[in-house]
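This report introduces the fold to a reader who is meeting it for the first time. It begins with the strands, then turns to the helices, the turns and the surface.

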Amino acid sequence: MLDPVVSQAQRWGFICQFQESNSWLIFPQQSNQRWKLQQVENRWILILGDVPQLRLHASEAIAFFFFCWLENK
C-alpha cells in the first residue's frame, strides 16, 4: 500500500522514486524547479537546491503539492 503523500503526488503528476533505504523521493514536474521532498520515517523533508528547509507532516506535504500543482496548471 502506497503512502498517502506518494499516492497524491502521483495523481497530480509528480515524479516519485522509491529508494533502497525504503523511503521515497518526490520531484517536481518541471526540471527547472529545484526542490524535492524526501521521506524520513513518517515525515517529509522539503529540500531546496541541496539544502533541507522544512520538516513536514503528511498533510503539509500534500498541501505543498497542491499549491505546486496549481501553479503549473
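Two strands are said to pair if DSSP finds at least two bridges between them. The model described here is predicted.

**The sheet**

By that criterion, 5 strands form an open sheet, arranged in the order β1-β2-β3-β4-β5 with antiparallel pairing. Strands β1 (15-18) and β5 (51-56) stand at the edges; each has a single partner strand, so one side of each is left without a neighbour in the sheet. From one strand to the next, the twist averages 25°.

Two of the pairings may be described in detail. Strands β3 and β4 run antiparallel and are joined by 6 bridges. Here Q38 stands opposite I45 in β4. Strand β4 (residues 43-48) is joined in turn to β5 by 5 bridges, and these two strands also run antiparallel. In this second pairing, I45 stands opposite R55 in β5. Residue I45 therefore has Q38 opposite it in one pairing and R55 opposite it in the other.

**The helices**

Which strands does helix α1 lie across? Helix α1 (residues 4-11) lies across β1, β2 (24-27) and β4, and runs at about 30° to β2. Helix α2 (residues 58-72) lies across β2, β3 (35-40), β4 and β5, with a direction at about 160° to β3. Strands β2 and β4 thus appear in the list for helix α1 and also in the list for helix α2.

**Turns and loops**

The hairpin of β3 and β4 has 2 residues between its strands, and E41 lies in the turn with a positive phi. The hairpin of β4 and β5 likewise has 2 residues between the strands, and there G49 takes a positive phi. A positive phi is also found at N22, a residue other than glycine, which lies in the loop between β1 and β2. The values are listed below.

| Residue | Location | Phi |
|---|---|---|
| N22 | loop between β1 and β2 | near 60° |
| E41 | loop between β3 and β4 | near 55° |
| G49 | hairpin of β4 and β5 | near 65° |

Are the loop residues N22 and E41 buried or exposed? Residue N22 is exposed, with a relative accessible area of 58%. Residue E41 is exposed as well, its relative accessible area being 70%. The C-alpha atom of E41 is separated by 15 Å from that of I26, a residue 15 positions away along the chain.

**A nonpolar surface patch**

Residues F66, F67 and L70 make a nonpolar surface patch of about 290 Å². Of these, L70 lies in helix α2, the helix that lies across β2, β3, β4 and β5. How is the accessibility of L70 classed? A residue counts as exposed over 50% relative accessible area and as buried under 20%. Because its relative accessibility is 39%, L70 counts as partly exposed.

Note on methods. Residues are numbered from 1 along each chain as its sequence is written. This is a predicted model: local features need pLDDT of at least 70, side-chain atom pairs count only at pLDDT 80 or more; totals for chains, interfaces and linings use all residues. Side-chain values use heavy atoms; hydrogens and water are left out. Helices (H or I, at least four residues) and strands (E, at least two) are DSSP runs, numbered from the N terminus. Axes are lines fitted to C-alpha atoms, for helices over the stretch in contact, and angles run from 0 to 180 degrees between N-to-C directions. Contact means heavy atoms within 4.5 Å. Patches are made of residues with over 30% relative accessible area and no salt bridge: like charges are joined within 9 Å, nonpolar side chains (Val, Leu, Ile, Met, Phe, Trp, Tyr) within 5 Å. Accessible areas come from the Shrake-Rupley method with a 1.4 Å probe; for residues, only the protein chains shown count as cover. A salt bridge is a side-chain nitrogen of Lys or Arg within 4 Å of a carboxyl oxygen of Asp or Glu. Buried means under 20% relative accessible area, exposed over 50%, partly exposed in between (1.4 Å probe, protein chains only).
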